[in-house]
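Biologist: I'm new to this structure and would love a guided tour. Could you take a close look at its interior for me, starting from the fold of one chain and working inwards?

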Amino acid sequence: MTVSAIEFSRLGPPKLRLYAMRCTACGTLSPWWERHHCYHCGGSEMVEQELAGRGELTNYTVVHYPPRDFLGQEPYVVGHITMDEGVLIPAPVVGVAPEDVRVGTRVKATLRRMKLGHEGDIYYSQKFVVDEEAPAG
Amino acid sequence: MRVGVLGIGKTPHKIQHDKSLRDLVVEAGRAAMADAGVEPSDIQALYVGNCGSVGFNYENSTGLMSAHHLGLVPSGAVRVEAACGTGAWALHLGCTAILSGLYDTVMVLGAEKMNDLATVEGTSIIAQAADSKEEYFSGLTFPSGVALTARKYMQTYGLTEEDLAHTSVKNHHYGARNPYAHLRFECTVEEVMRSAKVADPLKLYEVCPMTDAGSALVLCREEILRDRPEVPQVYVTATQMATGTWYAATDTLADAHALLAAPAQRAYEMAGIGAEDIDVAEIYNSFAIQEPLGIEALGFAPQGEGWKGAADGSTWIDGKVGVNLSGGLLCKGHPLGATGSTQAVDIVEQLRGTAPEGMQRPDAEIGISACRGGPGAVGAIHIYQRLEG
Amino acid sequence: MAELIRYGAYLPRYRAPLAEIQSFYGRPGRPRARALCTPALDEDALTMAHEAAGEALAGAEAPGTLIALTQSPPFGLRKLSATLARTLGLPAETVPIDLGGHAGGLLDAFALASALARDGSPALVVASDHLVSHEERVCDLLSAGGAAAFLVGAAGGFARLGPAARAGREVYDVWRLGTEPEPRYRLEVLFDAYAATTTAALAELERQTERAAGDYAAVCPSQPHPQTLRGLGRAGVGPQQLEHTSFVGEIGNLGAASVGLALALGLDRAEPGQHLLALGYGGGEAIAQDIEVTAPPPAVGAAERIPGEAIDLSTYYRWTRGRQAEPH
């Protein structure tokens, strides 16, 4: 849920690219929200690292009862994607029917509209589509 | 430790359009004080567990509101919040208040009024208990976040959806017998499997309803309860709290296990007992998969086998340990702030022998409540014992 | 003369059945297109531009300029090109330029890109549109969406951007009043103006290049309506020149991306030594440009993307109604 265009100006821009946070102490990659603290080693200095955008769908669910921001999009698939760099990223998986989603599918990131904020600010973010170029099996 | 449970009280747990949040608070608080045989002026501090009144009810200072309407002024009052573990945290603070020696008698009260808004609004508000700004930006909700854990468990241990359905069958068996429960119908495995999808693989009968409720306990120093031999001698003998990751993305099955297993281990040591001594357990199960996870964390079954008790009877009323003989959150609902305190009230009833017929485990003497929240961020364990003499 | 270095095209995968849509709105008559290429609920002119641009930039030098054109920007008063540059991760020094929503604007953008491209610093041109028609007029308008992108360099490309000729007349055939969301059409005026201005531009181009319209390997025109393509016959364009570059009868009108998709379709099949004719048109203004292919184009397979995946009427309605009333 987003509060206002002011909050957009803090949150909105980072979602235009897919990145993770790398701990300068232990090198572990964490999802993008871990700006303050490395959950792995307790380190407190995290830097942005852009991701190449490809990974494997290692888990997913299908949402039938959305929050207000996503009303009208249901049912939609939210996946856990283990990126090739090792970090797990949660994101919608689009371009495939919910009943056809399979754990283990190779996926790649793409830019899509996520939702409208309360003041008409449009949030774009990363969603994932099936990676057609990946080798089968 | 020994903290006396002098009185308990609760409201029905269901949709109650004719009652406001303050109505629920007053009803639960007065019931507990009446049960304890105390006056409002005897309550020296009030801990109100309420998770979402800002969102659900457009009001904030629930602790202060409760003190006024319960007639507890001028005693101190505060609102406690820890996501779905809110009620358990209110209980923990009530216990620490007594153990500190600063207070003789306090009240712990959980209350939540969720049904003045439509489901979609409620879903959005509940989502704020997790990282609704960043992680849930991906379209997740609480049910779908836990659904990811359910699928992980299924992949790891080979659990099928039919296997998990037995948990709902057991909870509904007891919910049907609980006059205070929100959902009071039995169901079969087939009916669970056919129920509407909520967040794949979780279905309607595997997720809790949104409920309006209040529940309260009057706690006191051990000596005060000893001096009231007519009151059933039930004490809280352990209270242990923990946090875990706030994110579904970083919540592994090992984390989900440790969230309750670590404080449970400390609680058993604190109470001087083991898992084998537990007669009854209230295990947080707003979503069905959390009951097997909790059963395993509390040491009642090995990891990967927690679901079996619902199918083979060992977690039913006459099994090795009676788990969620109240119908659990699946049937009582999950009135966020009240869930933890209702778990405590229900265990105390079991140890007093006053639970309704068909739910009362014979000769229950030691009970445990396990509350979780966040969905992987809060772990709370309380142990209760009936100690005569 | 500037050169094309790489290109990209993006079509949303979904195809809405125009015959059913017409029937639903009580509009009889033969549908003018088999289907409408329909962006999903979470796509718009920015996301589609991002896809096409990504294809055009793959493995190429970062552009020093990014020119974006659309008639359906997701937001106004903010530069689409600036946001697009960020989504592509382009260096902060990249100059972002928004061009207006004229449907033939791709060739205006080529003129600008040609002037701005330097050695080592190409210019990226991206055209995208997400046309959404209003309920009463859905059957007059072949409203669809898509994007095309072209990397224009000073040298080192596979095709040279040759001479361009222009012709125009002051008409209201396709226009929008102020900042109305909905374009207005007067089809009779469109057919006349398209024919007249493209004929004049082609004649002028022939004077400059000494190459007749009928001598190009392919003609790649913007396509607001199938009837406008038939009008090109009077200007000397033969059906075989349009055989592989016509798509409006399959997937509808892509607005600013229209001539871009036609050009991508033509380039995919072109061989060194051939000349393609790019023909942009919008609101009374026609631009014709000679493009000489000098090396095998890095084809993107645009034709394979035309068929797409069928969606039903209710899905189309849900996606487009939502976009009209309030973008989700």
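Modeller: Happily! From the N terminus on, chain A follows the order α-β-β-β-β-β-β-β-β, which amounts to one helix and eight strands. Please keep in mind that this is a predicted model. The C-alpha trace of chain A spans about 45 × 40 × 25 Å along its principal axes. Its radius of gyration is 16 Å, close to the 14 Å that the globule rule gives for 137 residues, so chain A is as compact as a globular protein of that length. Of those 137 residues, 53% count as buried. Among the contacts in chain A with a separation of 6 or more, 51% join residues 24 or more positions apart.

One loop of chain A deserves a pause. The peptide bond from Glu74(A) to Pro75(A) is cis, with omega near -5°, and Pro75(A) sits in the loop between β4 (54–63) and β5 of that chain. Most peptide bonds are trans.

Now, how does chain A meet its partners? Two pairs of chains touch, and the pair with the most contacts is A and B. Chains B and C do not touch, and their nearest C-alpha atoms are 13 Å apart.

This brings us to the interior you asked about. The largest nonpolar core has 50 residues, and the ones that touch the most other members are Ile126(B), Phe142(B), Tyr153(B), Leu159(B), Leu164(B), Leu202(B) and Ile289(B). Two elements of chain A, α1 (5–11) and β5 (76–83), each supply at least two residues of this core. On the chain B side, α5 (119–127), α6 (142–157), β5 (197–199), α10 (253–271) and α13 (328–332) each do so too. The largest share, seven residues, comes from α6(B).

Leu202(B) gives a good view from inside this core. Setting aside neighbours within four places in sequence, Leu202(B) is in contact with Pro143(B), Val146(B), Ala147(B), Ala150(B), Leu164(B), Lys197(B), Val207(B) and Phe287(B). Apart from this core lies another one, of 46 residues, among them Ala2(C), Ala257(C), Leu265(C) and Ile287(C). Back in chain B, there is a second cis bond to look at, from Asp200(B) to Pro201(B), with omega near 5°. Pro201(B) lies in the loop between β5 and β6 (202–203) of chain B.

Let's return to α6(B), which also packs against helix α11 (residues 290–297) of chain B, at an angle of about 65° and with the axes 10 Å apart. From α6(B), Val146(B), Thr149(B) and Tyr153(B) meet Gln290(B), Pro292(B), Leu293(B) and Glu296(B) in α11(B). These contact residues divide into four nonpolar, two polar and one charged.

A second helix pair in chain B brings its axes to 4 Å apart: helix α4 (residues 86–100) and helix α14 (residues 339–352), packed at an angle of about 65°. The helices α4(B) and α14(B) are therefore roughly perpendicular to each other. Gly87(B), Ala88(B) and Leu91(B) make the contact from α4(B), while Gly340(B), Ser341(B) and Ala344(B) make it from α14(B). Three of these residues are nonpolar, three are polar and none is charged.

Two more residues of chain B show what being buried looks like one at a time. Leu259(B), in helix α10, has a relative accessibility of 3% and counts as buried. Beyond residues up to four places away in sequence, Leu259(B) touches Ala242(B), Thr243(B), Gly244(B), Arg372(B), Pro375(B), Gly376(B), Ala377(B), Val378(B) and Gly379(B). Arg372(B) is 113 residues from Leu259(B) along the chain, yet their C-alpha atoms are separated by 8.1 Å. His173(B), in helix α7 (residues 161–175), is also buried, because its relative accessible area is 19% and the cut-off is under 20%. Leaving out neighbours within four places in sequence, His173(B) is in contact with Glu186(B) and Trp316(B).

Let's finish with two backbone oddities. Most residues other than glycine have a negative phi. Tyr58(B), however, has a positive phi, near 55°, and Asn324(B) also has a phi near 55°. Tyr58(B) lies in the loop between α2 (53–56) and α3 (62–69) of chain B, where it is exposed, with a relative accessible area of 69%. Asn324(B) belongs to the loop between β10 (322–323) and α13 of chain B and is buried, with a relative accessible area of 0%.

Methods: Residues numbered from 1 in each chain as written. Chains lettered and ligands numbered in written order. Predicted model: local features only at pLDDT ≥ 70, side-chain atom pairs only at ≥ 80, totals over all residues. Heavy atoms only, no water. Axes fitted to C-alpha atoms, helices over the stretch in contact; angles between N-to-C directions. Parallel < 35°, antiparallel > 145°, perpendicular 65-115°, else oblique. Contact = heavy atoms within 4.5 Å. Nonpolar A, V, L, I, M, F, W, Y, C, P; charged D, E, K, R; others polar. Core = buried A, V, L, I, M, F, W, Y, C linked by side-chain atoms within 4.5 Å. Buried < 20%, exposed > 50% of the residue type's maximum accessible area, 1.4 Å probe, protein only. Rg over C-alpha atoms; globule rule 2.2 N^0.38 Å.
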